Amino acid sequence: MDQQLLKLLEENALVSPETLAKQLNLSVDQVKSRIKHLEEAKIILAYKAIIDDDKAEFQTVKAVIEVRITPERGGGFNRLSDRIARYPEVTSCFLMSGGYDLLVFVEGRTLKEVAMFVSEKLSTIQGVLSTATHFTLKTYKEQGVMIDQEIAEERLKVSP
Amino acid sequence: MSVKRNAVVTDFVANHVRSIPRSGIRDFFEIVQSMTDVVSLGIGEPDFATPWHIREAAIYALEKGKTGYTSNLGLPRLRKSIARYVRQNYHVEYDALSEVLVAVGVSEAMDIALRAVINPGDEVLYHSPCYVSYNPSILLVHGKPVEIPTLAEDHFKLRPEALKAKITAKSKVLILNFPTNPTGAVMNQQELLAIAEVCQQHDLLVITDEIYSELSYGETHCSIASLPGMRERCIFLHGFSKAFAMTGFRVGYACAPVALIEAMMRIHQYAMLCAPIISQEAAIEALENGQSDMEQMREQYQLRRNFLLNSFREIGIPCFNAQGAFYLFPRIDQTGLNSREFAVRLLEEQKVAVVPGNAFGASGEGHVRCSYATGMDQLEVAVERIGKFVRSL
């Protein structure tokens, strides 16, 4: 049941406990206490809005950086990865298989800001071997949401 | 002069076509269309767009220049997929190449099935409330429609006694549609066995319209064609519109013993030639790779059904827990209004469209059909407005 609740919240975090209760055949109190439990257990980490930066006229520059790092005895990649992930410029950070180790998503206000982050902060960290920075040019889909929404075709209002 | 010409033009229309009444839905549709900001629970098709990989298969077919006719019966690869799908999910064995016909939706399949088997005056039985096309389709082939009313308190199931009571020497065909549009009713294996027995006793052919069969939320769906002795007296109709959200592709199919498919094919080849090749290509993709999309949509429908049903209970509108399709058929006669008055006033006062139950046969009076093939945001608004409306009565 928690899985189903989480899926519904993942789709739309704003759905009311009243609606969730009716969908899942639970009481409103049950839904509220389950959500509270999921939040306390850090299963639900945060709630956010997905925004079309262009339409919102946000001046943001996004980049994806492939980072090679040296693993350490005992901790492997964890200590260094954690250190990199803590920078506020970093929006996502993943350990990867393949030709590099970390895939780091960063965001800044200007190209220069992102470039400075890479050259002055990221690549100077002890243990970072190399970086390859790719700037994003256009967003087509963000966290499962198409940026250019399909135009809903005119549905018949009543049909057999 | 023009009056006279109009009279003459009307004379051209065949008598039996002229006698077919206007659809109750059509009538209501025109009122709804004239209004703005309507939240509609009146729509009998999925609100989901066709899953992308299926649309992509259609695009690919176009790119590859697949733009011609197909075999009258449909693409062999599609028929093989259909035969496999029906075997796996409905447990009935049909020969892919001689016992499967791909049609332009179940609507066409139903029409050619009736045309293939009905002699003038033959009686065709069907349970009601039911899909709006059965009665006129029977009339168009000069058959005699025989309606078997089912009851809300019995969850709109067809019972053998009710069936027997309507059987005469002229009865030839029984049309079944479970899960049912508009009630969401379902029949389990035991209940269908009782019907199958009557069909065998009275030598009836069954045309079973299983278009909503994937959308069953309770017990596993059972097809009457899978019951002992029934395969030889069944035409199994199914399609892609509801389960795979492909209404606009217009593709469905019939499975039946070879003699019946052969008879249907004789009509189909002259009337339709074949179903559109692009839709057939998309249908192959749906059957081969569409299972998980279908399951996800079903899950959404089930959540919405729960939401709508619980909301009706909260408002105080009695409604049985329909286990199939994407409709609820709540009872509204306790409001003192009939189904048309209820629907028209709800539309005018709160701008919510539901379909009056009597559009689906006289036995639907006292109910309205509410489709939950619409997004949760719309359902939430609809429920709030219905609540306001009911409290205002």
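Start at the boundary between chains A and B. Here 12 residues of chain A are in contact with 23 residues of chain B (contact: C-beta atoms, placed from the backbone, within 7 Å). On its side, chain A offers four nonpolar, four polar and four charged residues. In this scheme Ala, Val, Leu, Ile, Met, Phe, Trp, Tyr, Cys and Pro count as nonpolar, Asp, Glu, Lys and Arg as charged, and the others, Gly among them, as polar.

This is a predicted model: local features need pLDDT of at least 70, side-chain atom pairs count only at pLDDT 80 or more, and totals for chains, interfaces and linings use all residues. Residues are numbered from 1 along each chain as its sequence is written, with chains lettered from A and ligands numbered from 1 in the order in which they are written.

**Helix 2 of chain A**

Select residues 17-24 of chain A, which form helix 2. Helices (H or I, at least four residues) and strands (E, at least two) are DSSP runs, numbered from the N terminus. A:Thr19, A:Leu20, A:Lys22 and A:Gln23 are buried. Look down the axis: the buried residues fall within an arc of 165°, so they line one face of the helix. That arc is taken from the directions from the helix axis to the C-beta atoms. Buried means 20 or more other C-beta atoms within 10 Å of a residue's own, exposed 12 or fewer, and partly exposed in between, with C-beta atoms placed from the backbone.

Now show the cover. It includes helix 1 (2-11) and helix 3 (28-40) of chain A, together with helix 12 (291-315) and helix 14 (376-392) of chain B. Step just past helix 2 to A:Asn25, where phi is positive, about 55°.

**A loop in chain A**

Go to A:Tyr140, in the loop between strand 4 (128-135) and strand 5 (141-142). A:Tyr140 is exposed, with 7 other C-beta atoms within 10 Å. Add A:Asp52: it is 88 residues from A:Tyr140 in sequence, but 9.9 Å away in space, C-alpha to C-alpha.

**Loops in chain B**

Select B:Ser128 and B:Pro129. The peptide bond between them is cis, with omega near 0°. B:Pro129 sits in the loop between strand 3 (123-128) and helix 7 (134-140).

Next, B:Asn181 and B:Pro182 are joined by a cis peptide bond, omega about 20°.

Move to B:Asp203, a non-glycine with a positive phi of about 50°. B:Asp203 counts as exposed, with 9 C-beta neighbours inside 10 Å.

Finish at B:Lys351, another non-glycine with positive phi, about 55°. B:Lys351 is partly exposed, with 18 other C-beta atoms within 10 Å.

Notes:
Contact = placed C-beta atoms within 7 Å.
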